[in-house]
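Visitor: I should like to learn how the features of a model such as this one are to be read. Could we begin with the pairing of charged side chains?

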Amino acid sequence: MSSEPESDDSWGPEADTDDELNTDVDVEYSEESQESLQPVVRRQNFQRIVTQDNGHVSPETAMFHGFDANLEPLEPLEELLPPELLALAEVPDEPEPQQVAASADAANDVETLEAELQELEGNEEPQQQPPSPPTNSHRAPAQGNVIDLDTPSPPKKRKRLSAADTSLKKSPESTKAPAPPPEDEDDGLTCPICLDSWEMSGEHRLVSLRCGHLFGEACIRRWLGESQKQSSVKVCPQCKTKATYKDIRHLYAKRILVVDTELRDQLEEERRRNHILTTELSAIKLAHYVTADKLLQTTKKYNQLVSMTEGTGGRGAYSLLSGATKKRVPLQQLPMHRLYMEKNFEITRDPGCRVLHFSGRHSLLMASQKSGQSLFPGYGVRFIDPLTFQPLQFLYTTPMMVRNIAFSDTKQLLAVSSRESKIKLFDVRSKLQSCMVTANDRKLWACALDRNDRDNVLYGGDLRGGVYIYDVRFPDNILSQFQADENFSPVIHIEAVPPNKTFHNGGFLVCQLSALTFYEFCTPGEVAQPTRLNVDGPFLSMQYDYVQDTLLISARCNPSSPNSRFVLGQLDKIDNIPVLRVRVTIYGPPATPIMTRPTQLGVEDNTLIVGYLQESKQLMLHDVRREERVQTMPVNEVIYDFCPVSNNNGSYLAALTDNKCRVYKLNSTG
């Protein structure tokens, strides 16, 4: 009983604090329950008086409180109250800071109420208040330790904590930073008509109207029916667009999320524009360099002519001119080259020859032709002896016309591309098919085989401008895939560029009908950076000579050039951007209805260009050093392809017509 006074002094405030701390638990008591608690409270007050008087109570005090003087000590309050009230009255041993603050607030409220009671007692005519059942005992300040039961206790005010006060009951960790508002989990999952989740199948499966809004099928059908009954027009419930039952389309998706790609598209557009502007700037710089070089050469010639005219004699002027050009063979000393007909033989009776290819290492001349056997209709490759120019074996390759062939000197593999969706590779030693590659069922029009350390690499170009890289050892896999930006014209030629001083890792050239692109390998692997070269199309053909490192292009007329062109150039870099440095441009007739292929011949310190002029039906021979056309020969048939051939007897030129092969021998004079 020694601890009773402490519990007596602290019981009242703790009870008040407990009521305030548990404001979130709404426990309401009826009038009957309050009346039933009055005897208990009265007994408890009497127990306090007994405790304060050290267990001795006068008979007057007992009678005053309505108890017997010989009344036995009361049982503890915890045994009288029901468990529910005891649970509410429990106070933790170690109150939290929030509870301590709430207890202080409750104590302040008690002091305020005591001050009000003192003012009421000081008045001469205190107002009579209607009696109310006491909820908690209140100690009168004037009576010391005596409790006045006649003084009505003030009504208990139930306080509701605000949102800010409620947050005090949370842990400090949760109040560091406000959490972002969670996304609506039902977004994209519920029908806007019934607000219920749609299903993947059944009556309430996900459907859409022509306008694009999503609903459950049963709901939208019911809505369209009711809409027709009310307004005789079936409309969408969201945008009021006219709709019919035929517009209902089933969607096979559980959740619909829209990704905003506007910023990404803008970024890609800016990158594309930046690349185009960079390429144009490189082309302008190249043109400026070429113009400055021409100006420098013209200035040198002008100074030489001035020295010749102002000199006292021709010998001094001649010696000055010869000394300036002694490093290069004079044009007058260059040999003249002519072509002479050597042989004209028939490859097949049926027309269909298109492509020529020569391998000097294996002494093989190959020409595409149409199959002459009715049992195997289609196209193939005819092998020709380059010494005697006699047709040899025929290799059947494809049921469609051959568009391009490529040959690997190290692997002795022949790659053939036609209008099919595959490229076939054949072993020329066994004349059997080695493997086959495809590109997602796309038609492959062009093919090329790499050289040297990359002799296992095969390139393919499709009808939509796509380029694919394969490894002939693993033909089922595509190593890399490239797609030209904003250009979906067919790929007509691909040429591999080996590593050199300018391009350390090499690359490959891709010629489309309307664009010429160089893909430079950034690393020894298959990662390539595309750059569109500074040449305008449309193009007819492309040939790359890896020995001379020169590129020959055949192009049709365009708005800036009214005639067809043969352009000879060399790959170079300006500001680390690949460009084509044009050496010479040869103009031909304006009309070029047939796709023909010119070729280039490297002879001594000069380059010869051979092409077919379709309008005049002539064979043309152009000297690059002299910058003039040195020979033209009439030809009755269209020459589709040219191919230089060299053997022990000299240098030759093979010209392929529709079903024949014309052989010209190259002679030099002077």
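Guide: We may begin with one pair in this predicted model: the side chains of R442 and D462 meet in a salt bridge, with 3.3 Å from N to O. The two partners link distant parts of the chain, R442 being in the loop between β12 (432–438) and β13 (444–449) and D462 in strand β14 (residues 457–462), 20 residues apart.

Visitor: What is the general idea behind such a pair?

Guide: Side chains of opposite charge can pair when their charged atoms come close. By the rule applied here, with a nitrogen-to-oxygen limit of 4 Å, the count comes to 14 salt bridges.

Visitor: Are R442 and D462 buried or exposed?

Guide: The cut-off for a buried residue is a relative accessible area under 20%. D462 has 0% and is therefore buried, whereas R442, with 35%, is partly exposed.

Visitor: Which strand pairs with β14, and in what sense?

Guide: β13 pairs with β14 in the antiparallel sense, over five bridges. For one position in that pairing, L449 has L458 of β14 as its bridge partner.

Visitor: Why can β13 be called largely enclosed by the rest of the structure?

Guide: Six of the six residues of β13 are buried, so the strand is largely enclosed by the rest of the structure.

Visitor: Let us return to charged pairs. Where in the chain do E520 and K573 lie?

Guide: E520 forms a salt bridge with K573, and their closest N and O atoms are 2.8 Å apart. E520 lies in strand β19 (residues 516–521) and K573 in strand β23 (residues 565–574), so the pair ties together parts that are 53 residues apart in sequence. As for accessibility, E520 is buried at 15%, while K573 counts as partly exposed at 23%.

Visitor: How is a salt bridge within a helix to be read?

Guide: One should look at the spacing of the partners along the sequence. E217 and R221 both lie in helix α8 (residues 217–231), four residues apart, about one turn of the helix. They form a salt bridge in which the closest N and O atoms are 3.3 Å apart. E217 is buried, with a relative accessible area of 13%, and R221 is partly exposed at 35%.

Visitor: How many cavities does a search of the whole structure find, and which residues line the largest cavity?

Guide: The search finds three cavities of 30 Å³ or more. The largest cavity holds about 80 Å³ of space. Its lining includes L540, S554, A555, R565, F566, Y612 and L613. One may also read the lining by element: β22 (550–555), β23 and β26 (606–613) each supply at least two residues to it. Strand β23 thus appears a second time in our discussion, as K573 of the salt bridge with E520 lies in that strand.

Visitor: How should one describe the chain as a whole?

Guide: Its secondary structure comes to ten helices and 31 strands. Of its 670 residues, 38% count as buried. The exposed area is about 40000 Å², of which carbon and sulfur atoms supply 51%.

Visitor: What share of contacts joins residues at least 24 apart?

Guide: The share is 49%, taken among contacts between residues at least 6 apart in sequence.

Key
Residues numbered from 1 in each chain as written. Predicted model: local features only at pLDDT ≥ 70, side-chain atom pairs only at ≥ 80, totals over all residues. Heavy atoms only, no water. Buried < 20%, exposed > 50% of the residue type's maximum accessible area, 1.4 Å probe, protein only. Contact = heavy atoms within 4.5 Å. Areas by Shrake-Rupley, 256 points an atom, 1.4 Å probe, with all protein chains shown as cover. Pairing = 2+ DSSP bridges. 1 Å grid on protein atoms, 1.4 Å probe; cavity = no way out; pocket = protein on both sides within 12 Å on 5 of 7 lines; lining within 4 Å. Points joined across faces, edges and corners; volume = space filled by probe spheres on them.
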